[in-house]
Amino acid sequence: MRHILSILVENEAGALSRVAGLFSARGYNIETLTVAPTEDATMSRMTIVTTGSDEVVEQITKQLNKLVDVVKVVDLSEGKHIERELMLVKVRASGKDREEMKRTADIFRGRIIDVTDKSYTIELTGTTEKLDAFLEALDRAAILETVRTGVSGIGRGEWVLKA
Amino acid sequence: MELQLPPMTETGETLTGAEVVIRSLVAEGVEHIFGYPGGAVLFIYDALAQQDKLKHILVRHEQGALHAADGYARATGKCGVALVTSGPGVTNAVTGIATAYMDSIPMVIISGQVPTRAIGEDAFQECDTVGITRPCVKHNFLVKDVNDLAVTIKKAFYVATTGRPGPVLVDVPKDVSMHTTRFHYPDKIHMRSYNPVVKGHAGQIKKAVQLLLHAQRPMVYAGGGAILGNASAEVADLVRLLGFPVTNTLMGLGAYPATDKQFVGMLGMHGTFEANMAMQNCDVLIAIGARFDDRVIGNPAHFSEGNPTRKIIHIDVDPSSISKRVKVDVPIVGHVKDVLHDLLALVRGTRERPEPAALAAWWSQIEAWRAKDCLKYNRKSDLIKPQYVVEKLWEITKGDAFITSDVGQHQMWAAQYYKFDKPRRWINSGGLGTMGVGLPYAMGVKLAFPDADVACITGESSIQMCIQELSTCKQYRLPVKVVNLNNRYMGMVRQWQEFFHGNRYSESYMDALPDFVKLAEAYGHVGMRVDKPGDVEGALREAFKLKDRLVFLDIITDQTENVFPMVPGGKGISEMILSEEL
Ligand SMILES: Cc1cc2nc3c(=O)[nH]c(=O)nc-3n(C[C@H](O)[C@H](O)[C@H](O)COP(=O)(O)OP(=O)(O)OC[C@H]3O[C@@H](n4cnc5c(N)ncnc54)[C@H](O)[C@@H]3O)c2cc1C
Ligand SMILES: Cc1ncc(C[n+]2csc(CCOP(=O)(O)OP(=O)(O)O)c2C)c(N)n1
Ligand SMILES: [Mg+2]
């Protein structure tokens, strides 16, 4: 099962390696990991997408909570939440494919943010599935380069993750 | 500007970082510190020399410093403290840190680091201490500013000693130890990201009591947490109040008196037949500060599926210990002492008791298992049986000594045959299983309890891993007794090779052994060699009579002896190999 963990950590040097080290030391998966400071500069927020049985994810949560730099952990997938990922894709866009590429980007609400006469760089935000679907929709040979941020997640409604 | 300071034990003096380290340790009540100097800690050693509150014990290898501090902590319940230099000082310390970490021992390690401006430049004796130790500490800190030093040390002690205890390392760059600051040592500390639970959930405790009161085949399984949490009195109250059988893990020995008839022995891979059978067949199990280790319950599927209706109550301060290997029915997160206190209040508050007939039937089953006498060994042999040595040691010390051990067969025999009636008397490495701990453990214990009998039960292989500490024992007059069960083999390895590798004793024979008697003498101690069963008792008595001398007893034992019972790897705990003597 796929789980999205939101983690508030002290903004200390080494906090990221403690979290990443925990996953590798105990053999847990990390599919994606994002981290940046929050509105409170003393804390950073991470989103980790992981997979595992319920027992494994329960252990992951407990082990994360045990890290002294970790302030709070929630499993967003336990409730209603929103997740988004940003992707930048550089694609071949020349000749008759150029128009087609723009149309596909439009359908997915992608934005073309850099242009040469042979290529487009497209910015796309959405769920992981949406980004995957966009890549599926493209001709494989047209994809020159992709870069994705990994998932960021937040709970729906008025509930907030606080220290 | 008016500065509002929180209440603190402050002197407000201007001190160097090095002095801050010393004064902070003193403020924490530290009396002994184990260490080894080097370039990065020279200022700290300089400050050490200019005070007399803190006694420094100079070991002969940093690993020895860590183990000695660890042994000191295990025996006293206080936080052990070690001081090492950067680079090789730290890497030598890692085994000791990892050993303490695996057994949840409270320790603070102060390590020197290269100056802050040199960090990352592959400076002389630089290593990424925080990185190297991260997976084997409860937490660690790199202090980059002398103004943060005192508060960081405060945090280190707080984290090390609360919740599930563990080692915490504070890395101090040389320039930080040299710079000056106003010294304030905080009385209290709050960390928003660290709040260990103490009190157990009342509803869960109520549920646990209901299960216990309706048990037909109850079992109490107490581990290292009962020792670490100083809860042996509460464990005993519970066991006696309800008339239940009780077992202790290797780490829990002494949590319940081993000579009491409700004690069924240690459980696990080398546990007693009756303890393992009761563990497997009980209907209500209460685990108290024990973590269902693989050496304890064997194959977890066999344990669970072999008795699917067994209900399990688990008290542990660390939620991640609960339902890690075995799913439990009533988890109770909290400090074992607090939880048991609340639980006992409920038991005392009701007249309800478990059904006497059922309990009597369970006890008669247990007695039948016990009658197998699984620890029986050949007492008629011409060779010295290691079990006999431990039994005699127990007799001669009236069961009241501190016993440290190394790792191997001798460790198991010590655990099985020395009947520990008190907590913190049995000092050994369970989780990491580190050969070499025995002698430095004994040093740490003897420093803390100079008048007590302290014996290190070791093997000829293990003792050689920290033998250099004989010199430390000489310098600080630590008259411990080393009981070397010399079987000329890495016996535990040999046993596995005999059972599971077709008797091929690959590299487990200890050739070219030193003459331990001469070796002891070379270090300025007394050495004795014993090779006849009839001489064991006399030699032990003589050794303990030499109150102020370290005596190294080299006891030549039967090299074919094996540890029984034994649960082979991957098997269930009721699937024991028993001694041929039975
Ligand atoms: C050669 C060899 C053979 C071994 N054979 C055996 C064997 O036959 N039987 C055996 O039992 N072991 C054996 N061991 C030891 C084994 O490897 C484990 O170290 C040991 O079983 C763990 O003991 P424990 O479950 O009591 O947990 P510990 O490692 O002592 O852990 C303590 C638990 O208590 C919790 N705790 C700590 N403080 C508190 C508190 N204040 N309140 C509540 N909870 C707290 C901790 O979170 C942790 O979960 C062997 C080791 C070696 C080296
Ligand atoms: C540092 C370390 N290295 C290797 C081992 C693996 N090991 C476990 S027991 C053992 C043999 C110990 O031999 P000895 O000290 O003579 O004790 P005996 O089993 O003979 O009583 C070894 C090598 C270990 N536990 N620790
Ligand atoms: Mg041996």
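The legends below describe three close-up views of chain B in a predicted model. Local features need pLDDT of at least 70 and side-chain atom pairs count only at pLDDT 80 or more, while totals for chains, interfaces and linings use all residues. Residues are numbered from 1 along each chain as its sequence is written, chains are lettered from A and ligands numbered from 1 in the order in which they are written, and side-chain values use heavy atoms, with hydrogens and water left out.

**View 1. The open parallel sheet of chain B.** Six strands (DSSP runs of E, at least two residues, numbered from the N terminus; two strands pair if DSSP finds at least two bridges between them) follow the order β16-β15-β17-β18-β20-β19. Because β16 (426-427) and β19 (526-530) of chain B each have a single partner strand, one side of each is left without a neighbour in the sheet. Strand β15 (residues 402-405) of chain B is joined by four bridges to β17 (residues 454-459) of chain B, and Ile403(B) stands opposite Ala455(B) in β17(B).

**View 2. Helix α6 of chain B and the residue that follows.** Helices are DSSP runs of H or I, at least four residues. The 13 residues of α6 (residues 149-161) of chain B should span 18 Å at 1.5 Å a residue (1.5 Å times one less than the number of residues), which agrees with the 19 Å between its end C-alpha atoms. Just after α6(B), Gly163(B) has a positive phi of about 60 degrees.

**View 3. Surroundings of Asn92(B) in helix α4 (residues 88-102) of chain B.** Leaving aside residues up to four places away in sequence, Asn92(B) touches (heavy atoms within 4.5 Å) His61(B), Glu62(B) and Gln63(B). The C-alpha atoms of Asn92(B) and Gln63(B) are separated by 5.6 Å.
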